[in-house]
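Student: Could you take me through one helix packing in this model, up close? I'd like to know how the two helices sit against each other and who makes the contact.

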Amino acid sequence: MELRGRAASITDSPTLAITAKAKAMQAAGEDVVSLSAGEPDFDTPDFIKQATIDALQSGETKYSPASGLPVLKNAIVRKLKRDNGLSYDTKQIAISSGAKHTLYNLFQVLLGEGDEVIVPAPYWVSYPEQIGCAGGKTVVVNTSEADGFVLRPDALREKLTDRTRFLVLNSPSNPTGGVYEKSDLEAVAEVCLENNIGVISDEIYEHLIYGGRTHHSIAEVSPEMKELTLVVNGHSKAYSMTGWRLGYVAGNADVVAAVGRLQSQSTSNPVTFVQYGGVAALDKDQQCVLEMRAEFDKRRMYIVDRLNSLPGVTCATPLGAFYVFPNVGSHYGKTLGGAKVKDSFDFCDALLKQQKVAIVPGEPFGADPHVRLSYATSMAVIEKGLDRIASFLASAE
Ligand SMILES: Cc1ncc(COP(=O)(O)O)c(C=O)c1O
């Protein structure tokens, strides 16, 4: 059957594809080390599971309102006040089946054909695909490693046209681990306010931020900037709830209502009993988040040191999330593990074939000299993976 329209150009998420390939090799009995998955290796905390089990057992198994249960919207309102100092009412909150779904819905309701969305590179792989699915046009603006991969106002200004509608911000960032300080956000906000550019602020890694830093949302900059911002967040990364599928947006009530309408005609509500687990996660003691973060932090320091000790590899220390994004470009043009390597796809392919280590090429993140490794896996797996990468690079000819 022929695929037509937008479906014809959608590609598979490369991160999910590589993780699936590694899992298939493992299932076939191969000793694969996977440093590709974007999900915490911890189990979901018991109190969250228990709240969900209680909801299931008390019959919370029917449809909920399409944009989510009032009880979860209220918990999100409390969270945004407590953690971010931002006040919203429940009409400004829509809950979806994961932050990825929230973002998809937002682009669908916000973009007209040819509307431009500025996306700082390196970027999360799904933004350009989702923008394209909504008929929008991604305009990439490069950031530099020297700037901590933070967007500078002049670079943003250069990309503005009369079709620019939105800017996507992602702090802490997947894949770079870059984090925006409040002053960085103020500088970007000035350009957005001058030009009436809305911001879709993806804050899914908010709680995974290291070295005593504090997360800031661009919506905190001023009441005017809050009006222009749609804050996107979810439960996956902070509470190790990737498979539960809960995400949400906070912002303009008309946009939120449109997301609700779209959902009512497409997926309906996020799973009803799962939403009760979501309430417990946000309302109860946040100690579990701190414990997971402390563990990620140890791994972060280890993996950065090891990578920087490898020949021809440089790796900036990420300040947030659970990824490192080393530059391996000096190896392109060489033969590694017997294979000619010309770009990040070749590099990752050869590494998987020769050493059975799964990592993700930088090209789909808009940064081909780089590759992405996740440290959301045990220290033992990280050590083994790094040992194999060292052998792989030692084979360079
Ligand atoms: C930057 C970023 N945003 C959003 C998401 C989506 O998270 P979820 O749909 O699991 O809530 C991810 C997941 O990898 C991500 O890395």
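Tutor: Here is a walk through one helix pair, with a little of its surroundings at the end. Keep in mind that this is a predicted model.

The two partners are α3, residues 70-84, and α10, residues 272-283. Two packed helices are described by the angle between their axes and the distance between the axes. Here the angle is about 20°, and the axes are 9 Å apart. Angles under 35 degrees count as roughly parallel, so α3 runs roughly parallel to α10. As for handedness, α3 and α10 cross in a left-handed way.

Now for the side chains you'd want to click on. From α3, the contact takes in V71, L72, A75, I76 and K79. Facing them from α10 are Q275, G278, V279, L282 and D283. Sort the residues of this contact by character and you get 6 nonpolar, 2 polar and 2 charged.

Zooming out, the chain that holds this pair has 13 helices and 14 strands. Its radius of gyration is 21 Å, close to the 21 Å that the globule rule gives for 397 residues, so the chain is as compact as a globular protein of that length. Along its principal axes, the C-alpha trace spans about 60 × 55 × 55 Å.

There's a ligand to look at too. Around the ligand are 13 residues, of which G98, A99, K100, G234 and S236 come nearest. By character, the shell around the ligand splits into 3 nonpolar, 8 polar and 2 charged residues.

Definitions and conventions
Residues numbered from 1 in each chain as written. Predicted model: local features only at pLDDT ≥ 70, side-chain atom pairs only at ≥ 80, totals over all residues. Axes fitted to C-alpha atoms, helices over the stretch in contact; angles between N-to-C directions. Helix = DSSP H or I, 4+ residues; strand = E, 2+ residues; numbered from the N terminus. Parallel < 35°, antiparallel > 145°, perpendicular 65-115°, else oblique. Left-handed = near helix turned anticlockwise from the far one by under 90°. Contact = placed C-beta atoms within 7 Å. Nonpolar A, V, L, I, M, F, W, Y, C, P; charged D, E, K, R; others polar. Near = placed C-beta within 6 Å. Rg over C-alpha atoms; globule rule 2.2 N^0.38 Å.
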